[in-house]
Amino acid sequence: MKKVGVAILGLGVVGGGTYRILTEHREFYQTTQSLDINVECVLEQNEERLKELGVPEELVAHNIAEVACNPDVNIVVECIGGVSVARDYVLDVLYGGKTVVTSNKELIAKYYHELERTAKRHSAGLYFEASCVGGVPIIRTLLDGVQSNKIVSMMGIINGTTNFILTKMTEEGTSYAEALQEAQKLGYAEADPDADVEGFDAAYKLSVLSSLAFHTKIPYTKVLREGITGITPEDISHGKALGYRLKLLAISKQSEEGIEVRVHPAFVKKDHPLASVSGSYNAVFLTGDSLGDLMLYGKGAGDLPTGSAVVSDILYAASRTEPRYSTFKNNANPEKEIKFVSDFASSYYMRLSVNDRTGVLSKIAAIFGKNNISILELLQTPDAEGATLVLVTHETHEAAIKNAVAKLNASDIAKVEAVLRVVS
Ligand code: HSE
């Protein structure tokens, strides 16, 4: 039986889940995969955590050199998070020819190509299934399951924390702050919650997934990113009244015009399959040119679900004779060799405060008309100062909406209070 020694760097949520799976399933992998996967050492300073997980003292390494130089370690799992220490440690072990499995999306989004170059140079593997969409095997699906396709588009809910927050706000009317606190308690949120709520986490994942889907390096800096901090219960509730649910969506498309990559809140119709993806669950819709539509659904965060993805990578790496590397069409100059589409098509939700007097609606309609925007749905609620107008447009373009918003705000008839995209 093939013996494989594993080291785990960081025993937080994901590292701890990985440790538990590896120790509890050791016999199972011996029987089903003919692999004897043994945790040789861990790098973790928190003694309480070591005790909680029942890690024997002799397995605790004291520095990265002890891990990098341990001849019994073949695979190093990085679950430290962040990029400074994690990047240095990963490079240290790759230089020594050890394979790295990481759950760190920020690290992969920012340093994928440098790390892969180093891995190649030292004949080491670099695997990162757990970096995107927790326990959902999206990377393996892109690389193996649908590799016969040209991927046309992806649309998904790929951040558990924001989905948990938006679901709680929608279903229970919970405040944003309360919902965020609960997500942190459950271990979904990143140490710095801005990474989740401002959309960075989803943007990192979308850049990695789109790069693999389109065989094109897509820098995360090119992802249009908007978070959920400005979302009000008022808009969630108006959307609900119109039959929509609000989600933080990650969308990428490839067409003759170019590549579109964006993360932002958007309304989806309540009968859309993504509308029922709730709590910390994630889902990704893929459209392939031969396959058509495929949806993957599962837990996008948490210790055992994400640990499951880490361990799958360990088993995958352990059973290969040669490491697997990626191929990209735009190796030389990722920023310049791709055309990005920013004036994309979408429908829009808009909430306006208006003066409730004769002719106001026709003036608003005229501004929309001049920008070639057609209104699909309209709701008006009178209030003390005038009225609140909520509308949804037919499909139009970003530039047209921005122009209409500027014209409305410059007029004395209406103030645009909120604009959200709607998946048509
Ligand atoms: N903070 C991340 C999320 C964890 O909420 O999805 C998994 O990447």
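This section describes the surroundings of the ligand and the aromatic pairs in a predicted model.

The ligand occupies the space of the largest pocket. Its shell consists of Lys105, Asn159, Gly160, Thr161, Tyr188, Glu190, Asp196, Asp201, Lys205, Gly300 and Ala301. By residue class, this shell comprises 5 charged, 4 polar and 2 nonpolar residues. Two helices, α8 (160-172) and α11 (200-214), each contribute at least two residues to the shell around the ligand.

Polar side chains of the shell approach both oxygen and nitrogen atoms of the ligand. For Thr161, a polar side-chain atom is placed 2.6 Å from an oxygen atom of the ligand. The side chain of Asp196 has an N or O atom 2.8 Å from a nitrogen atom of the ligand. In the case of Asn159, an N or O atom of the side chain lies 3.5 Å from a ligand oxygen atom. On its own, the ligand has 260 Å² of accessible area, of which 93% is covered by the protein.

Apart from the ligand site, the aromatic residues were examined. The structure contains 8 aromatic pairs. One of them is formed by Tyr112 and Phe128, whose ring centres are 5.0 Å apart. The planes of these two rings stand at 70°, and the pair is therefore edge-to-face, the class for angles over 60 degrees. Tyr112 belongs to helix α6 (residues 105-121), whereas Phe128 is located in the loop between β5 (126-127) and α7 (138-145). The pair therefore ties together parts that are 16 residues apart in sequence.

Methods:
Residues are numbered from 1 along each chain as its sequence is written. This is a predicted model: local features need pLDDT of at least 70, side-chain atom pairs count only at pLDDT 80 or more; totals for chains, interfaces and linings use all residues. Side-chain values use heavy atoms; hydrogens and water are left out. A residue is near a molecule or strand if one of its heavy atoms lies within 4 Å of it. A polar contact is a pair of N or O atoms within 3.5 Å; within protein, one must be able to donate a hydrogen and the other to accept it, and residues adjacent in sequence count only if both atoms are side-chain atoms. Accessible areas come from the Shrake-Rupley method with a 1.4 Å probe; for residues, only the protein chains shown count as cover. On a 1 Å grid over the protein atoms alone, a cavity is a set of points where a 1.4 Å probe fits but cannot get out, and a pocket is an open set with protein on both sides within 12 Å along at least five of seven lines; lining residues have an atom within 4 Å of a point. A molecule sits in a cavity or pocket if more than half of its atoms lie within 2 Å of its grid points. Helices (H or I, at least four residues) and strands (E, at least two) are DSSP runs, numbered from the N terminus. Ala, Val, Leu, Ile, Met, Phe, Trp, Tyr, Cys and Pro count as nonpolar, Asp, Glu, Lys and Arg as charged, and the others, Gly among them, as polar. Rings of Phe, Tyr and Trp (its six-membered ring) pair if their centres lie within 6.5 Å; planes under 30 degrees apart count as stacked, over 60 as edge-to-face and the rest as tilted.
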